[in-house]
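This note is written for a reader who is new to examining protein models. Please keep the sequence and the structure in view while working through the numbered points.

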Amino acid sequence: MTAIVTTLTSLPFTQLRRNRYFYLWYDGFFALLALLALVAMSYGSHRPMIEVWDWRYLLLLPLVCHAQILCSVFIHNAAHNNFPRAVNRVIGEICGVVVLTRFASWEVIHQRHHRYADEEDKDPHSVMSSYWRFTWFMIVNVEKQLQQQFYELYGDTPDNRLFELLRAAASFTTMVLVVACWYTFLGFYAFVFFFLPSAVVGILHLAHFNWSTHNGFSKTYDFRPVNLDSGYYKVGNHIWHGIYMHANHHQHPNVFNPAKMRDGLPIESA
């Protein structure tokens with residue numbers, strides 16, 4: 001019972017430091033869960049969320065995109081244990097399934113970002129002047145940094161490199177199974193017209209959030225965490241719990257809404 005409670009309340013990076021096989025257990029659990037869900041939906045009486053398409057449904061797409069972004073906001077807070085301890089890991093895992101990365105990868109990468117913010121070779125999403133180049137870099141660099149984190153913990157050896165190739169294959173296979181579950185659960189229309197567009201918007205927004213709040217628009221390449229709170233950013237801070245007050249967040253990562261900090265850092269002009 002103690003082991004189960006520890007698993008459900010401690011963060012994935014903590015477990016990875018204690019157990020080199022953590023990811024295999026983690027991905028194996030999600031893969032098994034996804035397979036069981038697929039079998040249950042395939043042989044049960046499950047019906048798609050939308051069986052007959054009506055173009056007026058697209059009026060709901062902005063709300064779905066908003067929910068997708070909120071999941072990124074919540075998983076971000078869960079990575080810092082900003083929810084009550086009893087539910088923090090559960091919220092992180094649920095949001096991780098929605099944004100597809102799953103909580104472990106998100107939390108390990110984000111903790112690494114905080115340790116090496118804007119260090120070009122170690123920050124999983126160190127900023128560059130072009131938003132679109134940065135977006136592509138952020139996507140492809142995640143796996144490289146996950147592997148680098150493992151090597152820093154357990155050594156960069158031929159055996160560990162092979163282990164990480166197997167781990168990456170297991171993680172990718174698990175993500176495919178999770179996507180298959182979403183497709184089966186939602187059905188063709190809801191998946192294609194709601195889940196996929198919101199997932200793309202979520203990725204582009206996450207990239208823009210990281211780029212803008214690390215001063216990506218700086219003409220002098222002064223890349224660092226900054227607070228933004230004007231125009232679009234003010235609206236974003238209101239509906240997404242102060243996410244653009246990022247200098248405050250790096251100063252005090254355990255504050256759920258950094259826009260409400262009384263001793264916050266100055267606000268930059270974008």
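Is N81 buried, exposed or partly exposed?

1. The model under review is a predicted one. In it, N81 has a relative accessibility of 32% and therefore counts as partly exposed, since that class lies between the cut-offs of 20% for buried and 50% for exposed. N81 is placed in the loop that joins α4 (61-78) and α5 (85-99). Its backbone also deserves attention: the phi angle of N81 is near 60°, a positive value in a residue that is not glycine.

2. A second asparagine should be examined in the same manner. The phi angle of N215 is near 65°, again positive in a residue other than glycine. N215 belongs to the loop between α8 and β1 (227-228). With a relative accessible area of 6%, N215 is buried, because the limit for that class is under 20%.

3. The next point concerns helix α6, which covers residues 103-115. This helix has 13 residues, and the distance from its first C-alpha to its last is 18 Å, close to the 18 Å expected at 1.5 Å a residue. Helix α6 is mostly covered, with 12 of its 13 residues buried. Among these buried residues are the aromatic F103 and W106, together with E107, R112 and H114. A general remark may help in viewing any such element: an α-helix has 3.6 residues a turn, so residues three or four places apart point the same way.

4. Contacts in space need not follow the order of the sequence. I109, one of the buried residues of α6, is separated from E143 by 34 residues in sequence, yet their C-alpha atoms are 9.2 Å apart. E143 lies in helix α7 and, at 27% relative accessibility, counts as partly exposed.

5. Helix α7 (residues 131-154) packs with helix α8 (residues 158-212) at an angle of about 145°. The axes of the two helices are 10 Å apart, and their crossing is right-handed. Sorted by class, the contact of α7 with α8 contains 16 nonpolar, five polar and four charged residues.

6. How many aromatic pairs does a search of the whole structure find? The search gives 30. One of them is formed by Y131 and W132, which meet edge-to-face, with 4.9 Å from centre to centre and 65° between the planes. The two partners are unlike in their accessibility: Y131 counts as buried at 15%, whereas W132 is exposed at 58%. Ring pairs also link W53, W55, Y57, F188, Y189, F193 and F194 into a cluster.

7. The final point concerns the cysteines. A disulfide is a covalent bond between the sulfur atoms of two cysteines. The structure holds zero disulfides. For C95, the nearest cysteine sulfur is that of C71, 4.2 Å away; the pair is not counted as a disulfide, because the sulfur atoms would have to be within 2.5 Å. C181 is in no disulfide either, and the nearest cysteine sulfur to it, that of C71, is 17 Å away. Both residues are covered by the protein: C95 counts as buried at 6% relative accessibility, and C181 counts as buried at 13%.

Technical notes. Residues numbered from 1 in each chain as written. Predicted model: local features only at pLDDT ≥ 70, side-chain atom pairs only at ≥ 80, totals over all residues. Heavy atoms only, no water. Helix = DSSP H or I, 4+ residues; strand = E, 2+ residues; numbered from the N terminus. Expected span 1.5 Å × (residues − 1). Buried < 20%, exposed > 50% of the residue type's maximum accessible area, 1.4 Å probe, protein only. Axes fitted to C-alpha atoms, helices over the stretch in contact; angles between N-to-C directions. Left-handed = near helix turned anticlockwise from the far one by under 90°. Nonpolar A, V, L, I, M, F, W, Y, C, P; charged D, E, K, R; others polar. Phe/Tyr/Trp six-rings, centres within 6.5 Å; stacked < 30°, edge-to-face > 60°.
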